[in-house]
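Please find below a colleague's note on this structure, set out as numbered points. The points may be read alongside the sequence and the coordinates.

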Amino acid sequence: MRMVDSANFIESAKRAIEIERDAITELIGRIDASFAKACQLLLDCKGRVVVTGMGKSGHIGKKIAATLASTGTPSFFVHPGEASHGDLGMITANDVVIAISNSGSTAEVVTILPLIKRMEAPLISMTGSKTSTLAQEADANLDVSVALEACPLGLAPTSSTTATLVMGDALAIALLEARGFSAEDFAFSHPGGSLGRRLLLKVSDIMHAGERIPSVKHNVLLSDALLEISEKGLGMTAIVDDNNKLCGLFTDGDLRRSLDKNIDILKTRIDDVMTPNCRTISADILAAEALAIMEDGKINGLIVVDKSQQVVGALNMHDLLKAGVI
């Protein structure tokens, strides 16, 4: 096994990062009228944005397509080799094509150019050569050329792919802001992520309803309320009148305070120890709002009521934790 001084690893890594950093910095001066035109073409697109590229450019293209799609610009990737064998049918005149090639002359990409032009789909190129075939045929060319690859052999695409990726991100963010794309819009395309859960999940989705609601009538003994709390396991119970309207709340904390006062649980009515005018929420608010209410009030549970103050549900901090809201 060849032994290498750890300092050499560190030096190589730092050099690679510095070279790629410089390549990214150079992009700032290329955000010009051509970039603005590319953004306008994408903004005006009535179909989908179709990204294509070969090899490492293809890998970067897939990421760009995914970023565009998740930030409000419907997009997908088409392999240029497969496009020549039927997949070109995925592209329509309503689409905008983003073709990526560092040389600007990748055979698989250049082969499909006449067909893209024939269907009159707008073409945006991302190339390392402004004089290349791809750049010249494009309606807008984005210059992603680099002075130096991080690879010391100048062979492995490194700085060039990084520059292309960053240019793709710049497009996505410019479009996101132009569309007024919001955090809630983002959540709709990421329902499985933590942000999606926080922004889309409502109290009605996670609350205990029906027979699972801890609830007792207003005139019962404290001992009966304790049995309900124990059975439903939410650390609280709602106290309701004969029409199921909320009268108050009794929690584990209230129980501790009652015991400190030597109250007889077998003789005391729940009305005498409950908390009237307790905090409540509606079923249609976001679960994240319920969390904020609990945190602000330093409480662990809430009763859910409708407009007429009838009890329709209950939830506690554990429910929010299980749902991934916390």
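What follows concerns a predicted model, and the points take up its pockets, one helix, and several individual residues.

1. The largest pocket holds about 380 Å³ of space, and of the 21 residues that line this pocket, those closest to its centre are Leu249, Thr251, Ile299, Asn300 and Gly301. For a reader who wishes to set up a grid or a selection there, the composition may be useful: the lining of the largest pocket divides by class into 7 nonpolar, 8 polar and 6 charged residues.

2. Which element gives the largest share of the lining of the largest pocket? That element is α12, with 5 residues. At least two residues of the lining are supplied by each of β8 (246–251), α12 (252–260), β9 (275–276) and β11 (301–305).

3. The second largest pocket contains about 180 Å³ of space, and its lining is made up of 14 residues, of which Ser57, Asn102, Pro157, Ser160 and Thr161 are the closest to the centre. Two or more lining residues come from each of α3 (56–70), β3 and α7 (159–179). By class, the lining of the second largest pocket has 5 nonpolar, 7 polar and 2 charged residues.

4. Thr106 is placed in the loop that runs between β3 (96–101) and α5 (107–118). Leaving aside residues up to four places away in sequence, Thr106 touches Met54 and Ser101, and with the second of these there is a polar contact between side chains, at 2.6 Å.

5. In helix α13, which spans residues 287–297, the buried residues include Ala287, Ala288, Ala290, Leu291 and Met294. Why can the buried residues of α13 be said to line one face of the helix? When the helix is viewed down its axis, the buried residues fall within an arc of 155°, and they therefore line one face.

6. Several residues deserve a check of their backbone angles, and a general expectation is worth recalling beforehand: most residues other than glycine have a negative phi. Lys298, which follows α13, has a positive phi, near 55°. Asn244, although not a glycine, also has a positive phi, of about 70°, and a positive phi of about 60° is found for Asn262, which is not a glycine either.

7. The surroundings of the two asparagines can be described in turn. Asn244 lies in the loop between β7 (236–240) and β8, and it counts as partly exposed because its relative accessibility is 31%, which falls between the limits of 20% and 50%. Asn262 is located in the loop between α12 and β9, and with a relative accessibility of 68%, over the limit of 50%, Asn262 therefore counts as exposed.

8. Is Gly324, in the segment after α14 (317–322), buried or exposed? Gly324 is buried, because its relative accessible area of 19% is under the cut-off of 20%. The C-alpha atom of Gly324 is separated by 48 Å from that of Leu115, and these two residues are 209 positions apart along the chain.

Terms used. Residues numbered from 1 in each chain as written. Predicted model: local features only at pLDDT ≥ 70, side-chain atom pairs only at ≥ 80, totals over all residues. Heavy atoms only, no water. Helix = DSSP H or I, 4+ residues; strand = E, 2+ residues; numbered from the N terminus. Polar contact = N/O pair within 3.5 Å; in protein donor to acceptor, adjacent residues only side chain to side chain. Contact = heavy atoms within 4.5 Å. 1 Å grid on protein atoms, 1.4 Å probe; cavity = no way out; pocket = protein on both sides within 12 Å on 5 of 7 lines; lining within 4 Å. Points joined across faces, edges and corners; volume = space filled by probe spheres on them. Nonpolar A, V, L, I, M, F, W, Y, C, P; charged D, E, K, R; others polar. Buried < 20%, exposed > 50% of the residue type's maximum accessible area, 1.4 Å probe, protein only. Arc of directions from axis to C-beta.
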